[in-house]
Amino acid sequence: MRRPNILLTGTPGVGKSTLGKELASRTGLTYISVGDLAKEEELYEGFDEEYECPILDEDRVIDELEDRMREGGVIVDYHGCDFFPEDWFHIVFVLRTDNSFLYDRLESRGYKGKKLQDNIQCEIFQTLYEEAMLSYRKEIVHQLPSNTPEDLERNLDQIVQWVEQWTKDNN
């Protein structure tokens with residue numbers, strides 16, 4: 001049976017991991033956090049002193065995920081999306097969060113200074129939505145609000161319904 005591949009993207013702190021894990025639980029799809037995968041497999045090519053974080057080796061991430069993506073049924077969670085092959089995903093969801101919520105979420109994760117400000121600006125200027133629109137067919141890219149528990153439930157219901165329809169239409 002064919003299963004769809006889904007990309008969840010958006011600024012750090014918008015709720016990608018929460019949505020992705022619960023979505024996997026409800027659909028039986030496999031959830032992969034690129035950040036966690038990179039840590040486990042040490043898929044880095046250096047360290048960014050300014051942002052105090054490792055630099056992802058995008059080519060090695062692609063190599064690591066390629067076979068799983070071909071099999072289908074994968075939910076990928078990452079804050080960037082322009083390096084993934086265009087044909088990997090059947091649908092792309094860009095989560096969006098109001099800055100008042102996002103600021104508190106990032107601050108609680110220990111973000112401060114330039115890193116905090118740059119991530120807030122990234123959300124204000126819709127940077128990741130634009131990146132997704134340039135990287136994938138426009139008709140598969142969708143924005144979802146991700147501020148409240150009610151938004152989470154609505155998003156889950158909507159995506160579960162989409163997965164069921166996609167599976168029915170493609171098998």
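Select threonine 11 and glutamate 123 to begin: their side chains are joined by a polar contact of 2.7 Å. The model on screen is predicted. Threonine 11 sits in the loop that runs between β1 (6-9) and α1. With a relative accessible area of 1%, threonine 11 is buried. Show its surroundings next: leaving aside residues up to four places away in sequence, threonine 11 touches Lys16, Leu102, Asn119, Cys122, Glu123 and Leu128.

**Lysine 16**

From that list, move to lysine 16, which belongs to helix α1 (residues 16-27). Is lysine 16 buried or exposed? Its relative accessibility is 8%, so lysine 16 counts as buried; the cut-off for buried is under 20%. Display the backbone of glycine 10 as well: its oxygen lies 3.0 Å from a polar atom of the lysine 16 side chain. Beyond four places in sequence, the residues that lysine 16 touches are Leu8, Thr9, Gly10, Thr11, Asp77, Tyr78, His79 and Leu95. To add a distance label, pick the C-alpha atoms of lysine 16 and histidine 142; they are 14 Å apart, with the two positions 126 residues apart along the chain.

**Threonine 97**

Now select threonine 97, in the loop between β6 (91-96) and α4 (99-108). At 5% relative accessibility, threonine 97 counts as buried. Two polar partners can be drawn here. The side chain of arginine 105 makes a polar contact of 3.4 Å with the side chain of threonine 97. On the serine 146 side, the backbone oxygen lies 2.8 Å from a polar atom of the threonine 97 side chain. The contacts of threonine 97, not counting residues up to four places away in sequence, are Val14, Leu102, Arg105, Glu123, Ser146 and Asn147. Leu102 and Glu123 in that list also appear among the contacts of threonine 11.

**The largest pocket**

Switch to a surface view and find the largest pocket, which holds about 1200 Å³ of space. Which residues lie nearest its centre? Pro12, Cys53, Tyr78, His79 and Tyr111 do, out of a lining of 39 residues. Tyr78 and His79 were met above as contacts of lysine 16. Colour the elements that supply at least two lining residues each: α1, α2 (34-41), β3 (44-48), β4 (53-56), α5 (113-124) and α6 (127-135). The largest share, five residues, comes from α2. Coloured by class, the lining shows 16 nonpolar, 11 polar and 12 charged residues.

**Cysteines**

Cys53, one of the residues nearest the centre of that pocket, leads to the cysteines. How many disulfides does the structure hold? There are zero. A disulfide is a covalent bond between the sulfur atoms of two cysteines. For cysteine 53, the closest cysteine sulfur is in cysteine 122, 13 Å away, which is too far for a bond. Select cysteine 122 in turn: its closest cysteine sulfur is in cysteine 81, at 10 Å, again too far for a bond. Cysteine 53 counts as partly exposed because its relative accessibility is 24%, whereas cysteine 122, at 17%, counts as buried. Cysteine 122 is also one of the contacts of threonine 11.

**The second largest pocket**

Next, go to the second largest pocket, with a volume of about 200 Å³. Select its lining: Arg2, Arg3, Asn5, Glu66, Met69, Arg70, Glu71, Gly72, Asp87, Trp88, His90 and Trp166. Helix α3 (residues 58-71) gives the largest share, four residues. By class, three of the lining residues are nonpolar, three are polar and six are charged.

**Two loops with positive phi**

Finish with two backbone positions. Glutamate 42 is not a glycine, yet it has a positive phi of about 50°. Its place is the loop between α2 and β3, and at 60% relative accessibility glutamate 42 counts as exposed. The other stop is glutamine 126, also not a glycine, with a positive phi of about 55°. Glutamine 126 lies in the loop between α5 and α6. Its relative accessible area is 30%, so glutamine 126 is partly exposed.

Methods:
Residues are numbered from 1 along each chain as its sequence is written. This is a predicted model: local features need pLDDT of at least 70, side-chain atom pairs count only at pLDDT 80 or more; totals for chains, interfaces and linings use all residues. Side-chain values use heavy atoms; hydrogens and water are left out. Buried means under 20% relative accessible area, exposed over 50%, partly exposed in between (1.4 Å probe, protein chains only). Contact means heavy atoms within 4.5 Å. A polar contact is a pair of N or O atoms within 3.5 Å; within protein, one must be able to donate a hydrogen and the other to accept it, and residues adjacent in sequence count only if both atoms are side-chain atoms. A disulfide is a pair of cysteine sulfur atoms within 2.5 Å. On a 1 Å grid over the protein atoms alone, a cavity is a set of points where a 1.4 Å probe fits but cannot get out, and a pocket is an open set with protein on both sides within 12 Å along at least five of seven lines; lining residues have an atom within 4 Å of a point. Grid points are joined across faces, edges and corners, and a volume is the space filled by probe spheres set on the points. Ala, Val, Leu, Ile, Met, Phe, Trp, Tyr, Cys and Pro count as nonpolar, Asp, Glu, Lys and Arg as charged, and the others, Gly among them, as polar.
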